Amino acid sequence: RQFADAELSARLDAERIDLTLPAPGPRRGHLHPMTQIQRELEELFVSLGFTVLDGPEVETEYHNFDALNIPATHPARDAQDTFWLENGLLLRTHTSAVQVRGMEKLGPPLRMIAPGRAFRNETVDASHEHTFYQLEGMMVDRDVSVAHLLYFMRTLLAAIFKREVAVRLRPGYFPFVEPGFELDIRCVICGGTGCAVCKQNGWVELLPCGLVHPNVLTMSGIDPEQWNGFAFGLGLTRLAMMRYAIDDIRLLQGNDLRFLEQF
């Protein structure tokens, strides 16, 4: 009994709580790496005279496809396995739909970016997810050329990676631009030697871009004889992987605190 009382007294002395102290409160959090990179890019483009626009994630077929020069019979639809809803709407497959809404509402001259989530029925692996983040941008004005496009893209990449990165520009087909290009960056995960992220070829497709197709301008009520422009689509998720050397896209939406607390 004597030893038990002594043990209890020692515990009470050690576990004494000062009720006059303030409550510790919740643990302080921080921004997700995707949020960090999106806000940084928004600040960059605002400094370049662009407006940040937002739009619905549940879209109409017209804004997601038809107004972007992708009618129902166009083979480009096969490349986007879309989540269709019973009411005929769909989960947007890209944030290009916000560009259409921006042209309809604001008209030219126009400088805008549209960051946000997009959805495609993808097989999930180290470099593909069914839910991912994009930042699409557009400039519509008079006498816009590929030189303007390259200037803004190089400015973007230098700002986000804090250094010059190796890039390559190759022809690419997209129904909403003509001519169209694929801008790739040398994989910063493996340095170009080949890994799962770059599919073993040393390069990562990061930034499809081109001059806006006249049909897209016409569909949004803009005269292509008077105005032209460039458009680009940036994969924010892949960009975050390149910047932070993340080798598996699934980590970004896994909600694992051991991963998230590193940023």
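**Notebook: burial, salt bridges and backbone outliers**

I began with burial: of the 263 residues of the protein chain, 45% count as buried. I note here that the model is predicted.

**Entry 1. Overall form**

I looked up the secondary structure and found 8 helices and 9 strands in the protein chain. I then checked the radius of gyration, which is 24 Å, whereas a compact globule of 263 residues would have one near 18 Å. Along the principal axes, the C-alpha atoms fill a box of roughly 100 × 45 × 35 Å. For contacts with a separation of 6 or more, I read that 68% come from residues 24 or more positions apart. The exposed area of the protein chain is about 14,400 Å², and carbon and sulfur atoms supply 52% of that area.

**Entry 2. Charges and salt bridges**

I took the charge count next: 25 positive and 34 negative side chains, with the centres of the two sets 5 Å apart. Side chains of opposite charge can pair when their charged atoms come close. The structure holds 8 salt bridges, and I went through some of them.

Glu59 pairs with Arg101, with 2.8 Å between the closest N and O atoms. Glu59 sits in strand E2 (residues 58-59) and Arg101 in helix H4 (residues 96-106), so this salt bridge ties together parts that are 42 residues apart in sequence. I looked up the accessibility of both partners: Glu59 is buried at 0%, while Arg101 is partly exposed at 29%.

Asp184 forms a salt bridge with Arg170, and here the closest N and O atoms are 2.6 Å apart. Asp184 belongs to strand E7 (residues 177-186) and Arg170 to strand E6 (residues 167-171), so the pair ties together parts 14 residues apart in sequence. Asp184 counts as buried because its relative accessibility is 1%. Arg170 has a relative accessible area of 31% and is therefore partly exposed.

I also listed the salt bridge between Arg250 and Asp248, at 2.8 Å from N to O. Arg250 is partly exposed at 39% relative accessibility. Asp248, at 18%, is buried. Finally, I found a network of salt bridges that links Glu40, Lys162 and Arg243.

**Entry 3. Backbone outliers**

Most residues other than glycine have a negative phi, and most peptide bonds are trans. I looked for exceptions to both.

The peptide bond from Pro108 to Pro109 is cis, with omega near -5°. I placed Pro109 in the loop between H4 and strand E4 (110-119). Another cis bond runs from Glu178 to Pro179, with omega near 0°. Pro179 is located in strand E7.

Asp143 is not a glycine, yet has a positive phi, near 60°. Asp143 is in the loop between strand E5 (131-141) and helix H5 (146-161), and is exposed with a relative accessible area of 70%. Ala245 also has a positive phi, about 55°, without being a glycine. I found Ala245 in the loop between helix H7 (236-244) and helix H8 (257-260).

**Entry 4. His213**

I ended with His213, in the loop between strand E8 (203-212) and helix H6 (214-219). Is His213 buried or exposed? His213 has a relative accessible area of 17%, so I put it down as buried. Which residues does His213 contact, leaving aside neighbours within four places in sequence? I noted Asn69, Pro175, Phe176, Val177 and Glu178. Glu178 came up in Entry 3, where its peptide bond to Pro179 was cis.

Methods:
Residues numbered from 1 in each chain as written. Predicted model: local features only at pLDDT ≥ 70, side-chain atom pairs only at ≥ 80, totals over all residues. Heavy atoms only, no water. Helix = DSSP H or I, 4+ residues; strand = E, 2+ residues; numbered from the N terminus. Rg over C-alpha atoms; globule rule 2.2 N^0.38 Å. Buried < 20%, exposed > 50% of the residue type's maximum accessible area, 1.4 Å probe, protein only. Contact = heavy atoms within 4.5 Å. Areas by Shrake-Rupley, 256 points an atom, 1.4 Å probe, with all protein chains shown as cover. Lys, Arg positive; Asp, Glu negative; His and termini not counted. Charge placed at Lys NZ, Arg CZ, Asp CG, Glu CD. Salt bridge = Lys/Arg side-chain N within 4 Å of Asp/Glu carboxyl O.
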